[in-house]
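Reader: I would be grateful for a close look at one part of this protein, set in the context of the whole chain. Please describe how its strands are paired, and then how charged side chains connect other regions.

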Amino acid sequence: MTSAEIRQRFLNFFKERDHKVLPSSSLIPFGDPTLLFTSAGMVQFKPYFLGQAKPPYPRTTTCQKVFRAVDIDLVGTDGHHLTFFEMLGNFSFGEYFKEKAIPYAYEFLTKDLRLDEGRLWAGIHNDDDESYAIWVKTGIPEERIRRFGDDYNFWAAGPTGPCGPDSEIHYDWGSEYGCGQSDCGPNCEHPGCDRFLEIWNLVFMQWNRDQSGKRTDLERKGIDTGMGLERISSVVNGYPTSHQRSSSRAPSGVFQTDLFQPLIRHWAEQTGNAYGADPKSDVSLKVLADHARGSTMLLADGVTPANDGRGYVLRRLIRRAMVHARRLGPAAQLSSGIPIVARILGEVYPELPKNLNQIQSVARSEEERFGIALRQGMERLQDLLEGGTLSPQDVFYLHDTLGFPVELTAELAAEQGMTVDTAAVETLMQAQRDRGRIATGGFAAPLAGTATRFVGYDRLEADSTITDVFPVAGESEQSDVFLEETPFYAERGGQTADTGWISWDHRKAAVIDAQPQGEAIRHRVEISADRLTPGHRVHAEVDAGRRQAIARHHSATHLLHRALREVLGEQATQAGSSVQADYATFDFRFPRALTAEEIDRVSSLLNEKIRADLDRRVEELPLDRAIATGAVALFDEKYGDLVRVVSFGDWARELCGGTHVERTGEIGFALISSERSIGAGVRRIEMRAGAAAERQAREYERVLAQLGDELRAAPADLPARVAALQAEVKRLEKETANLRQRLAAGGSAQLEEADVDGVRLLLQRVDAGEKDLLLFADHALSRTNGKGVAIVVGGRNFAVKVASPLADRLAANELVQAFRQVAGGKGGGRGPVGQGGGIDPDRVDAAFKSVQEYVRVHLKDK
């Protein structure tokens, strides 16, 4: 049975049982700062489970795109760890509970997928007698039901909030895959046991837990289930997670399914490494297959490689894949697998074939960047090895920041007689994974119990009621306040949050931030939490001047987006934005820098539409109709059945939930300040609008006038004047270099010599800076006819140069160490060149004798 058939059978099964089939949400969680990526099927339904919003359907089912970076280093070591996977799930928001969730799951597995009933086991919570009775009644005998504690079978939103037991369904591969122990069962902890595989988790949200730990029944109990498509595909088709204990066959599991095999065969044929022939190459083939899927899906959802946040995870994913590609051979490239991913998953996720060229272009660019990073890693590692120290922190930095493999570090270190403390490195890596688990966790306190109604499109003031108040950790004079309705726009979609005030009983407090929390809005207020009480009436007022400045910049980004597409073509699509009160940045996908002429055309068109004073029109339309009318949808937005469409005249039309000016003439003027690259295939324009643009223009005029005064040139003549000055600087630099060389050639007055077994050792004291010492050393060495060593001292710095014929017998690093053991300071070297500093000038003669003695002993040993 193909994975596509299993996916469709699952959705059809629950559709026939009155579940609404909903599409997958983006891998970028919408309006949820607690999550880096969508890490479970229930993420898009959090507001419903928390009671913050009324669900549009009482029961739903999805096949959700999921990404988990927490175990990235474990991918390839077994048959089930993955970064990207598809989560099949069914959900109930108070409609049904255990009495239906358990029989539904059992029926689907045994009837629709025809799994052997005798191989299914259930794991339940120690105290969950209700689930135990339902499982027995459903068809799993008592001896195949195991009880576990909170570590395995209890789910909670956080320290407080919704919680409840869960029940896992495990598949038994058979005793030949087990540990042989009498107590072997689901969640077996004996080493090497691969007998049982968890395939489905059923979460029963039945209590609300308060700060004291007391649990009370939820008014509407919820069901949240999740089953990985890849895992169930491996089970249905008989691909065990690992090998039989009596077999040497490589683990296969999910990697044997049709979701991975086309990718694995591609790189196996490309590199000549047959899958299953060699355990090491098998690991690399599995890593490439998984990481190609993960990076493709992240790129399709708008993530771009970067040095922090989501982009950092993507960059690390691509670089880890490229390390394994290099192990397979020079022909292997991650980007070559992207069209295969699009072919396998494109029918379900149409954003893949639609953006295939762009995705592949960004991946290729990142591969090129990694080639540079790998060279940097080699250079950094070589410096550490030559310095004689290699701490676990150094190894972790090379791995985590530069993508340099730990095993390659260990291999190169061993060649130098050094060892890597792999246990300490693993501790650092585990700490990183733990931080990742926190970053990709589910809920974060405080959690509001009800949704907030936003009224800020139409008015900037509102009377409202406080629903919740929470203290802010570490900030005694701040609190997080939730209101029934609010005019404050919460930060989302790239637009910054409103600020302003709330007032009550002749008192007033500043609102300094507003953030979405599911369907609620959290207001950060400058007042201690004990001075506000739920139920109190307050007056909320937005800073009108700041809101209008933000609106000018937001509307200007819509016009800019359309202008870019007019000038550059439809491929110039938005990749992100940041709309502030005094500036805006607009990120867009485009493969190269814009020319000056293109920037001029974009700017001219943008300001032309501002002067045209186009009117703003806002509509609510069904999503498919909005797209059909030409509205542009953005990658990081969550869209429901009805969407908000913002149009300016008949020119710019986008799906948008932000705030805008009434007419484009209110923007006044927009100034493009800069255009640059921020990642592979992604450009960023910084822009100012309205008063901020006027201030920027005046600042540019002031700077030009000041430069004109300093350089005695009119503003129009400044480019030519600067070019002339640059030419003059180059001429002077060349002249300075010639003077230095002549100085080096004439610096032999203070030259001392010693002959040690036919090797001429030269010591020269010069009055020169650190960067010039090697020039003197080269000149001094030219006098030795290829049989010498030059040591040049300048103040507290020194340089060492070994003639090429002696380089394989005398290492500069060792000569540096012999010199500084007497003269003090520190230093090192590589090959025939070494340098150091911090020495005692009065001990140079003694240090020179130390070098002579080292050479004498070293050559004798040779």
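**Strand β26 and its surroundings**

Author: The chain has 23 helices and 30 strands. The model is a predicted one, and its C-alpha trace spans about 95 × 80 × 55 Å along the principal axes. Of the 862 residues in the chain, 52% are buried.

The close look begins with strand β26, which covers residues 759-765. This strand is mostly covered, with five of its seven residues buried. On one side of the pairing pattern is strand β25 (residues 751-756), which runs antiparallel to β26 and is joined to it by six bridges. Within this pair, Val-756 has Val-759 of β26 as its bridge partner. The two strands form a hairpin with two residues between them, and in this hairpin Asp-757 takes a positive phi near 50 degrees.

Strand β26 also pairs with β27 (residues 788-794). Here the strands run parallel, and six bridges join them. Leu-763 stands opposite Ile-791 of β27. Strand β26 is thus joined to β25 in antiparallel fashion and to β27 in parallel fashion. As a general point, side chains in a regular strand alternate between the two faces of the sheet.

We now turn to the charged side chains. A search of the whole structure finds 39 salt bridges. One of them pairs Glu-366 with Arg-319, the closest N and O atoms being 3.7 Å apart. Because Glu-366 belongs to helix α12 (residues 356-386) and Arg-319 to helix α9 (residues 309-328), this pair ties together parts that are 47 residues apart in sequence. Both Glu-366 and Arg-319 are buried.

A salt bridge between strands is formed by the side chains of Arg-684 and Asp-587, at 2.6 Å from N to O. Arg-684 is in strand β24 (residues 682-689) and Asp-587 is in strand β19, so the contact ties together parts that are 97 residues apart in sequence. The two partners can be described by their accessibility: Arg-684 counts as partly exposed because its relative accessibility is 24%, while Asp-587 counts as buried because its value is 9%.

The loop that precedes strand β19 also deserves attention. Gln-580 lies in this loop, between β18 (573-579) and β19 (584-589). Its relative accessible area is 19%, and Gln-580 is therefore buried, the cut-off being under 20%. Gln-580 and Gly-494 are 86 residues apart in sequence, yet their C-alpha atoms are 8.8 Å apart in space.

A salt bridge within one helix joins the side chains of Glu-699 and Arg-702, at 2.7 Å from N to O. Both residues lie in helix α19 (residues 691-711), three residues apart, which is about one turn of the helix. Glu-699 is partly exposed, with a relative accessible area of 35%, and Arg-702 is partly exposed as well, at 43%. Elsewhere, Glu-16, Arg-17 and Glu-107 are linked in a network of salt bridges.

Finally, there is a patch of negative charge on the surface, where Asp-127, Asp-150, Asp-151 and Glu-189 gather. Asp-150, one of these residues, is found in helix α5 (residues 150-153). With a relative accessible area of 46%, Asp-150 is partly exposed.

Methods. Residues are numbered from 1 along each chain as its sequence is written. This is a predicted model: local features need pLDDT of at least 70, side-chain atom pairs count only at pLDDT 80 or more; totals for chains, interfaces and linings use all residues. Side-chain values use heavy atoms; hydrogens and water are left out. Patches are made of residues with over 30% relative accessible area and no salt bridge: like charges are joined within 9 Å, nonpolar side chains (Val, Leu, Ile, Met, Phe, Trp, Tyr) within 5 Å. Accessible areas come from the Shrake-Rupley method with a 1.4 Å probe; for residues, only the protein chains shown count as cover. A salt bridge is a side-chain nitrogen of Lys or Arg within 4 Å of a carboxyl oxygen of Asp or Glu. Lys and Arg count as positive and Asp and Glu as negative; His and the chain ends are not counted. The place of a charge is taken as NZ of Lys, CZ of Arg, CG of Asp or CD of Glu. Helices (H or I, at least four residues) and strands (E, at least two) are DSSP runs, numbered from the N terminus. Buried means under 20% relative accessible area, exposed over 50%, partly exposed in between (1.4 Å probe, protein chains only). Two strands pair if DSSP finds at least two bridges between them.
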